[in-house]
Structures are given as structure tokens and as C-alpha cells.
Amino acid sequence: MTIGVLGGGQLGRMIALAGYTLGQRFVFLDPGAESSAGHVGNLRVGAYDDEERLSELARKSDVVTYEFENVPVGSARFLNELVRVYPPPRALEVSQDRLDEKQFFASMRIPTAGFAAVSSQAELEAAVAKLGLPAVLKTRRFGYDGKGQWILRTQDDVARAWEALGAASLVLEAFVPFERELSILAVRSTRGETRFWPLVENEHRDGILRLSMPKSDAWTPELQARAEAYAANVLAELDYVGVLAIELFLVGDELVANEMAPRVHNSGHWTIEGAETSQFENHVRAILGMPLGSTRTIGACAMINAIGRLPPQGDVLAVEGAHLHAYGKDGAPGRKVGHVTVRAETKRELAEKLEKLLPIVDPQGVAPASMRQAR
Ligand code: AMP
């Protein structure tokens, strides 16, 4: 089969690397000629809304998926007339707009932060009065890695944020005093088979994911079951096919949904070495209607993102159990250029390895918080 992929970033690259072992072929469409997936597959360069390019992608592909969630929904729908597109374009549509996404969660009885739509200064003031401060003001569309959002703590912040973001369609969210940030990764195949990986704890800095750690034994089975039930509802409601990630806040023993990503997700990169079947392989299996693989974890593991620059290769690889993934991208501030997954037999051994790796991979990192996760 040939799998067409909208987007040629590292997620597409890792989908292809997993799909090759199953004998599949890949063709990517991305506006950038230097895209990371182009090093490992056939890259067509073109805009996501270029109908000629989209038609070409459909002709070359048995099935199309995407690895970038800001692909225009119209393009996914256009393709869907010509070839099977998974996940369904509706999933893309819901996740592209933070207001629709929150309303969608609410309609599924999945808890979210309190929220209100904001399109004028008067609405912002009314929303602040309703939700209180602190609150988080976000653009409805095209926000990622903490971009397009402001934390409002005082009335002065409210005025300043309106000046900065006021032209866009916005949503105000109540500030969630979370203890931890988690994510649940799920997968559903064309045959309706579903699997879930264990809840992952995620640590962000400056709005960017730094460290992910699956910790199946740190939370109660009830918490895992609840996260799975939320994800299962979303999968069923959208007649979803492929991998889905939902980012959650843990507040006491409550799970509050922040956002969802209709694609393989950075907080699932650890599954390449740390799970029986990776998110990338199960995504390929799901969209091709193959049986899904086990999501069982193998030992203890953690994933550290390489942001801005790649760590010295030799230093990383000298740590037993460390696996370096370089995306073939140039370094730039804030850019994800690779990641390191480290695996160990025990949690204690994992903590020791992290102590060596964190200063190498994430030198600006706040090691104590990360270590708290390991212990
Ligand atoms: P997002 O772009 O929605 O994923 O937000 C980026 C990060 O901002 C999240 O990972 C949280 O750390 C923080 N954040 C977002 N929304 C809220 C909220 N309503 N309350 C508290 N923190 C938030």
C-alpha cells in the first residue's frame, strides 16, 4: 500500500519509519522542500490547499493520513472525496478550534476548564467577570506549544492581552490549578478495534513539552479507566481511525481535558522503545485495517525532547539504554529537533540514567521537577 501523508515533519518521518517494517510506502505533501520526512520518503512540495497537488497525492495513495493538525479542513474534505482519509476530517475540524473542541468535550460530558467565547473587549470583560482571575486567554485557532495565549492575573493583564490578541477570535479559560499534566493516547482501527497506552505524565517549560514519562503504576486503575473512557467516547463519537491524543490536567483526583490532537503525539514518542507497539506502528496498522498491536510497556522509560539543538551524540549514546532520534532539522530556538528515550529495568535505574541525560539533552531544564517524576 502507499500511504499519503499531509505534513512532512518529524511525526510523518516516524510514521514512515514504522510503516516501512510493515512493507508500506509513503508519499508526503508539505510546503517546505527541506521537510524532515523528505529524507525518508517521497516528498511532494506544495501548499496544503493546492488542489492539483492534493489530487496528485490522492492518485498516488491508497489511504491518506495527516501528521499536522493545521491542515485546512477543506483540503482533508477535498481529499476524502477521492481517497480514504483517516482520521476523519471532522476530527481535524473539532481540534482546530479551541472553542469547538471545548464544546465538543462538554457535549461528551468530559470535564474541561470553564470557558467563554471572546470576540470583543466587552465579551472579554464579561468572561473575566464570569470565570474570575487568573484565567488564560487563547486564540481559538493556530495555537501550539503555548503560542497565542496569555495568562491573565490582574485587570492590567486583561487590557494588555486584549491589545496583543484582540484582533483574533479568542476563548477565555478559567485557570486550572493542576498538579500534573497527563495525556492519554488511544488508537482505533478501521475495524473498530481500540487500544490505549498507559497515562503519560508530561512536563512543559515555556509552553513546550520537555519530558514525558509513562507511569502505569503511579495512578489508580480508576484514573486510567476514566481517561480511557473519555478517549473511547471521543473515538466512538467521531468514528475515529488512527491515533488520538488527549491532553489532561490532573487536579486532585479529577481529570480535566485541555485539548486533543487527531494524530500521533509528542507525548507518545517513548512508545517506540518503551511499548510493545509504538504509536506510529499502531497508527499505520489502524488506518490499513490490520490487527492492532499490544500497548503494554516494557520496563520503565522516559522521553526528553531536544529543543533548539541536538545534544552531543556521543554523550547521549554513552548512557546505556538511551536512544537518540534526530529529525534531520536545522537547530533554531524553540524548535523540536530530536528526542531521546531512555529505558531501564527499574524506576530507580531510570532515575539514575535521567540524572545523567537531563543535563546533556535539556541543559536549561529544571532537573528537580523532572527527578520528582522519576522517584
Ligand atoms: P495549550 O496550548 O492549550 O496546550 O497550553 C499550553 C500549556 O499552558 C499547557 O500545557 C498548560 O501548562 C498551560 N495551560 C493551558 N491552559 C491552561 C489552563 N486553563 N489553566 C492552567 N494552565 C493552562
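This briefing walks through the domains, the ligand surroundings and a few backbone details of the structure above.

What you're looking at is a predicted model, so to speak a calculated one: local features need pLDDT of at least 70, side-chain atom pairs count only at pLDDT 80 or more, and totals for chains, interfaces and linings use all residues. Residues are numbered from 1 along each chain as its sequence is written, and side-chain values use heavy atoms, with hydrogens and water left out.

**Domains**

- The protein is split into domain 1 (2–85), domain 2 (114–174) and domain 3 (180–374), with bounds that come from an automatic or database domain assignment.
- Measuring tape out: the C-alpha centres of domain 1 and domain 3 lie 23 Å apart.- Their contact (heavy atoms within 4.5 Å) takes 19 residues from domain 1 and 21 residues from domain 3.

**Where domain 1 meets domain 3**

- The two domains bury about 1,700 Å² between them, 69% of it on carbon and sulfur atoms; buried area is the accessible area (1.4 Å probe) that two parts lose on being put together, summed over both.
- On the domain 1 side, Q10, M14 and E69 lose the most area to domain 3, together 30% of what that side buries.
- The interface has one salt bridge by the rule used, which asks for a side-chain nitrogen of Lys or Arg within 4 Å of a carboxyl oxygen of Asp or Glu.
- R263 and E69 form a salt bridge, with their closest N and O atoms 2.5 Å apart.
- Six residue pairs across this interface are in polar contact (both at pLDDT 80 or more). That term means a pair of N or O atoms within 3.5 Å; within protein, one must be able to donate a hydrogen and the other to accept it, and residues adjacent in sequence count only if both atoms are side-chain atoms.
- α1 (10–20) and β4 (63–66) each supply at least two residues of the domain 1 side that touches domain 3. Helices (H or I, at least four residues) and strands (E, at least two) are DSSP runs, numbered from the N terminus.
- The largest share of that side, seven residues, comes from α1.

**Around the ligand**

- There are 16 residues around the ligand, and R98, K138, V176, E181 and E259 come nearest; a residue counts as near if one of its heavy atoms lies within 4 Å.
- R98 has a polar side-chain atom 2.9 Å from an oxygen atom of the ligand, and E259 has one 2.8 Å from a ligand oxygen atom.
- For E173, an N or O atom of the side chain is 3.0 Å from a nitrogen atom of the ligand.

**Backbone details**

- Y86 and P87 are joined by a cis peptide bond, with omega about -5°; P87 sits in the loop between β5 (84–85) and α4 (89–96).
- Another cis peptide bond runs from L133 to P134, with omega near 0°, and P134 is in the loop between α6 (121–131) and β7 (135–139).
- R109 isn't a glycine, yet its phi is positive, near 60°.
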